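Reader: I am a first-year student, and I would like to look closely at one strand and at whatever surrounds it. Could you take me through it slowly, one neighbour at a time?

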Amino acid sequence: QVHLEESGGGLVQAGDSLTLSCVAYGDSASSLPMGWFRQVPGKERVLLATISWSGSMTQYADSVKGRFTISRDPDKNTVYLQMNSLKPEDTAVYYCASGGWYTADEFRYWGQGTQVTVSS
């Protein structure tokens, strides 16, 4: 069993940067790939980025490529999402998840989500 806790969300202005953190607890937490998703009301959860358990492999959605960076610190069992040049359309609840790679269905464990609001 893996428990995930996100933090770092908040209200920022367009153009600002924000870093989200996700701490993973559990015996297998450090050996699973992890990802960041976001969701707006009435829409499906969208995969933004994933990172392998070693951190050597990453992938990004086209919508955030070049602006967002996923990374992980294995010593802290923590995954980060560095978000730069934020836009109002980045406003969403952001979730971290573990155990998958390409689609939401693949991910076995989810955090509770953290709200990011970008004002124009």
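Author: Let us begin with one pair of facing residues in this predicted model, where glycine 35 stands opposite alanine 97, a residue of strand E9. Glycine 35 falls within strand E4, which covers residues 34-39, and E4 is the part that I suggest we follow. Strand E9, which covers residues 92-98, runs antiparallel to E4, and 6 bridges join the two.

E4 has another partner, strand E5 (residues 46-51), with which E4 pairs in the antiparallel sense over 5 bridges. Here the facing pair to look for is methionine 34 and isoleucine 51, the latter in E5. If you follow the chain from E4 to E5, you pass through 6 residues that lie between them, and the two strands form a hairpin. In the turn of that hairpin you will find glycine 42, whose phi is positive, at about 85°.

How many of the 6 residues of E4 are buried? The count is 5, so the strand is largely enclosed by the rest of the structure. One residue of E4 shows this clearly, since phenylalanine 37 has a relative accessibility of 0% and therefore counts as buried, the limit being under 20%.

Phenylalanine 37 also leads us to the aromatic rings. A pair of aromatic rings is described by the distance of the centres and the angle of the planes. In the whole structure a search finds 3 aromatic pairs, and one of them brings together phenylalanine 37 and tryptophan 110, with ring centres 4.7 Å apart and planes at 55°, so this pair is tilted. Because phenylalanine 37 belongs to E4 and tryptophan 110 to strand E10 (residues 109-110), the pair ties together parts that are 73 residues apart in sequence. Tryptophan 110 has a relative accessible area of 27% and is partly exposed, whereas phenylalanine 37, as we saw, is buried.

Tryptophan 110 has a further ring beside it, that of phenylalanine 107, and in this pair the centres are 6.1 Å apart and the planes again stand at 55°, so it too is tilted. Phenylalanine 107 counts as buried, with a relative accessibility of 5%. Taken together, Phe37, Phe107 and Trp110 are linked by ring pairs into a cluster.

A charged side chain meets this cluster as well: the charged end of arginine 45 sits over the ring of tryptophan 110, at 4.7 Å from the centre of that ring. Arginine 45 also lies over the face of tyrosine 95, where the distance to the ring centre is 3.7 Å.

Let us now return to E9, the partner with which we began, and ask what joins cysteine 96 to cysteine 22. The link is a disulfide, with a distance of 1.9 Å from S to S, and the structure holds 1 such bond. The torsion about the S-S bond is about 50°, so the disulfide is right-handed. Since cysteine 22 lies in strand E3 (residues 18-25) and cysteine 96 in strand E9, the disulfide ties together parts that are 74 residues apart in sequence. Are these two cysteines buried or exposed? Cysteine 22 counts as buried at 0% relative accessibility, and cysteine 96 is likewise buried, with a relative accessible area of 0%.

Between E3 and E4 there is a loop, and in that loop you will find glycine 26. With a relative accessible area of 34%, glycine 26 is partly exposed. Glycine 26 and glutamine 1 are 25 residues apart in sequence, while in space their C-alpha atoms are 5.9 Å apart.

A last stop takes us to another residue that touches E9. Threonine 114 has its place in strand E11 (residues 114-119), and among the residues it touches are Ala92, Val93 and Tyr94, residue numbers that fall within E9. Threonine 114 also touches Gly9, and a polar atom of the threonine side chain lies 3.2 Å from the backbone nitrogen of glycine 9. At 11% relative accessibility, threonine 114 counts as buried.

To gather the thread, E4 pairs with E5 and is joined to E9, and through phenylalanine 37 the strand takes part in a ring pair with tryptophan 110.

Definitions and conventions:
Residues are numbered from 1 along each chain as its sequence is written. This is a predicted model: local features need pLDDT of at least 70, side-chain atom pairs count only at pLDDT 80 or more; totals for chains, interfaces and linings use all residues. Side-chain values use heavy atoms; hydrogens and water are left out. Buried means under 20% relative accessible area, exposed over 50%, partly exposed in between (1.4 Å probe, protein chains only). Helices (H or I, at least four residues) and strands (E, at least two) are DSSP runs, numbered from the N terminus. Two strands pair if DSSP finds at least two bridges between them. A polar contact is a pair of N or O atoms within 3.5 Å; within protein, one must be able to donate a hydrogen and the other to accept it, and residues adjacent in sequence count only if both atoms are side-chain atoms. Contact means heavy atoms within 4.5 Å. Rings of Phe, Tyr and Trp (its six-membered ring) pair if their centres lie within 6.5 Å; planes under 30 degrees apart count as stacked, over 60 as edge-to-face and the rest as tilted. A charge sits over a ring if NZ of Lys or CZ of Arg is within 6 Å of the ring centre and within 35 degrees of the ring normal. A disulfide is a pair of cysteine sulfur atoms within 2.5 Å. Lists of a residue's contacts leave out its neighbours within four places in sequence.
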